[in-house]
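Trainee: Please pick one part of this structure and take me through it closely. Then show me how that part sits among its surroundings. I am new to the structure, so explain the terms as they come up.

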Amino acid sequence: MIGRKEVQSRPWRGRSGIATALVLASLRLAFAPDAARAAQQSSGSPPAVRPVQRTSHGGTGAAEGVASQRITKEGVTISLDVRRANGSPGLPRRLEEARLSVTVKDAETGAPVTEAIPAAWVDWRRGEAATPADVCGDKIARYVSGTLKFRPEVDLNSYYVLALTRGPQIAVIDPMLGFGNSKLYTTVLLPAPGADWARSPDHRTVYVSLPEEGKVAFVDTDEWEVTESVAAGAAPTRLLLEPDGRRLWVANDAPGAAGGVTAIDVASRSVAATFRTGGGTHTMALTDDGRLFVASSEGETVTVIDTGTLEVLAEIRTGAGPSDLAYSPVLGSVFVVHERDGSIVAINAATLEMRGRDDLEPGLNAIRIVPVVEGGHGHGHAAANPVAGRIAFITNGREHLVHVYDVENGRLLRTVAVFEGPDQIAFSSSFAYIRSSGSPEVTMVPLSDPTSGGVGVFDHFPAGSAIPTVKGAASVADAIVQAPDMPDAVFVANAGENAIYYYHYMEGMPTPSGSLSTYGFVPTGVMLVGRKLRETGPGAYEATIRLDRPGEYDVAFLLPEPRVVHCFPFTVVENPAIGEARVALRIEPVAGTMLRVGESTLRLRLFDAFTGEPAADVDDLVLQLAATTGWRTQVVAAPLGGGEYEMRVRVPSAGVYYVSFAVPSRGITVRDRPPLVVRAVAAEAGRATR
């Protein structure tokens, strides 16, 4: 309580990116072994609850309003409501988006409590009675335990691992919970294979470049489907999204005069402008004041575009074969490396004048500067790191080297021999990670001592055993990304093994934490999409949810510091636009059935996911069988009685297949449920496995 009146906002802890998962890891200890007792200890006496009826327009009125609630406990006041996301009055409706809003304020001063990192789960509540504190604590303990048996309707503390694949698919993987023996949540079928991707600030849209189609696909991460494909110029590859999500910049890696960049207006899903900058591969960097720097590998210049006016500001001659560039907000400069002449050039982003040049050696292919505001799950925030914005890592894929370069003073600090073909650089708060396309080994260099630390026996780790490029050339998409649930943890895709590996740093060395199969898909890139409460303002958090059935629900809410546990009730009503048909259906294979190459029959059981009762009255069950190659077929299932159905199909080859289902009369599409994973075998081989 000390000093509250002297502050305008009250941070409870340092923010570190997607930090909710770190909190949840500690909660497993906080809520065990006696969850009810822990909840009582954290809650103490019942909090003061102030229900308030509000309409979506801010007025009052229980008839058309949404029940908002406010509790005060442990020196903070927490307000929560759930309302229709489209702004219409009335209670949330089934299968319609609803917006969940939370505010956390200091109870004494009313100042917002910033960086509180709240956790929340949405689940079905049996009966109309409010959930007591001990039962609420028990609910949260079960959710935190991470078991499928006690999974909530919506987990606002989770994330999905997405694999961009060599085929026309995105594999969506749930790293925490699996379905049967598979963690594959669903697959997204693309119009063509993707080259690169970007994610919207709210994680609700993923943009994928499709070079074969000359388009960019917009993928809805709620429905997990492509909603639109937008023309994006010749050979679109690398993507760069503006921080506010307004425009998507697309590199057109076409030869000669057709090469350049295309600007796509995200809201209208249309081309805003195109620029010809030269042929070859293109890389882009965006400055804080909205200037886009574009390098074209076949030329010798860097083009500068004003993203506000969509005008070319300058073409700066920098050197032969510019291969990559990076921006330092600390220094206000863009740094360009050149593959053909081996130079690094500094450009003042404001004056557009070259302010320095240094010569290394030919073969330079990537540059990344230690980030200022990203990479926040390690031992201290990157913004507090004295080398942030001042030290760059530069790879030489031809000579298998990594240079540690002082961009502030224009001098080489260190050169490190690494594994064959270094081509990607990623950061946590504590380390730089160098991925090599010709080796499964990932090199680590500590940011606390980049001039001499690292590259010892404990400063690299194997992300598998196969060479990543054994099945084809490396992609421009990120194959290594920071993980949100452990300090200094990363996911690394290995295309040679159809797997994504997970490592974290502990007790002086990188520690393997397992791997995720991509189930026959060849992963060329990896991305994380979160499902969480996002901070929209000081002490304000929001999430968008969609629920399958009408009834009474709880938002099981946990504020870790100070510890507050509470279950906020709300109601979902039937949706007149959909009707009363239930959509809570699931399928599973009938024991003993298998899938064989050639003419084959697969028997499946359809059942109510909530009651477990067989669904025997479905006349329009459509089953889709899809392969990792992009092949797929749909058939109408034949009912056998007792909730069992049969699909007859011609299977083209042995391998992994995915079974999805749709029921048009009930509004269910093939994207609404996780697919079953089955394996087809030759007719004379053994039985299929799930």
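The disulfide and its surroundings

Mentor: Cys-567 is buried because its relative accessible area is 4%, and buried means under 20%, with exposed over 50% and partly exposed in between (1.4 Å probe, protein chains only). This is a predicted model, in which local features need pLDDT of at least 70 and side-chain atom pairs count only at pLDDT 80 or more, while totals for chains, interfaces and linings use all residues. Residues are numbered from 1 along each chain as its sequence is written, and side-chain values use heavy atoms, with hydrogens and water left out.

The partner of Cys-567 is Cys-136, and the S to S distance in this disulfide is 2.2 Å. The cut-off for a disulfide is a pair of cysteine sulfur atoms within 2.5 Å. In general, such a link is a covalent bond between the sulfur atoms of two cysteines. The structure holds one disulfide. The angle about the S-S bond is 95°, and the link of Cys-136 and Cys-567 is right-handed. Its two ends come from distant parts of the chain, with Cys-136 in helix α3 and Cys-567 in strand β42, 431 residues apart. Helices (H or I, at least four residues) and strands (E, at least two) are DSSP runs numbered from the N terminus. Cys-136 has a relative accessible area of 1%, so this end of the link is buried as well.

Take the helix end next. Helix α3 covers residues 133–144, twelve in number, and spans 16 Å from its first C-alpha to its last. That is close to the 16 Å expected at 1.5 Å a residue, where the expected span is 1.5 Å times one less than the number of residues. Which residues of α3 are buried? They are Cys-136, Gly-137, Lys-139, Ile-140, Ala-141, Tyr-143 and Val-144. An α-helix has 3.6 residues a turn, so residues three or four places apart point the same way.

Now the strand end. β42 (564–572) is among the elements that give two or more residues to the largest nonpolar core; the others are β3 (76–84), β4 (98–106), β5 (119–124), β40 (540–545) and β41 (551–559). A nonpolar core is a set of buried Ala, Val, Leu, Ile, Met, Phe, Trp, Tyr and Cys residues joined through side-chain atoms within 4.5 Å. This one has 28 residues, and Ile-78 and Val-122 touch the most other members. Leaving aside neighbours within four places in sequence, Val-122 is in contact (heavy atoms within 4.5 Å) with Leu-100, Pro-152, Glu-153, Val-154, Leu-156, Ile-545, Leu-547, Tyr-553, Asp-554, Val-555 and Phe-570. A second, separate core has 26 residues, including Leu-585, Val-618, Tyr-645 and Val-678.

The loops on either side of β42 deserve a look too. Pro-562 is in the loop between β41 and β42, and the peptide bond leading to Pro-562 from Glu-561 is cis, with omega near 0°. On the other side, Asn-575 is in the loop between β42 and β43 (585–589). Asn-575 counts as buried because its relative accessibility is 5%. Not counting residues up to four places away in sequence, Asn-575 touches Arg-93, Arg-94 and Glu-96. With Arg-94 there is also a link to the backbone: the side chain of Asn-575 reaches the backbone oxygen of that residue at 3.0 Å. A polar contact is a pair of N or O atoms within 3.5 Å; within protein, one must be able to donate a hydrogen and the other to accept it, and residues adjacent in sequence count only if both atoms are side-chain atoms.

For contrast, consider a loop elsewhere in the chain. Both Glu-399 and His-400 lie between β27 (391–396) and β28 (401–406). Glu-399 is partly exposed because its relative accessibility is 43%, and His-400 is partly exposed at 28%. Phi of His-400 is near 60°, a positive value in a residue other than glycine. Glu-399 touches Glu-361 and Pro-362, leaving out residues up to four places away in sequence.

Finally, the whole chain. There are three helices and 51 strands, and 56% of the 690 residues count as buried. Among contacts with a separation of 6 or more, 55% come from residues 24 or more positions apart. The accessible surface, from the Shrake-Rupley method with a 1.4 Å probe, comes to about 27,500 Å², and carbon and sulfur atoms hold 50% of it.
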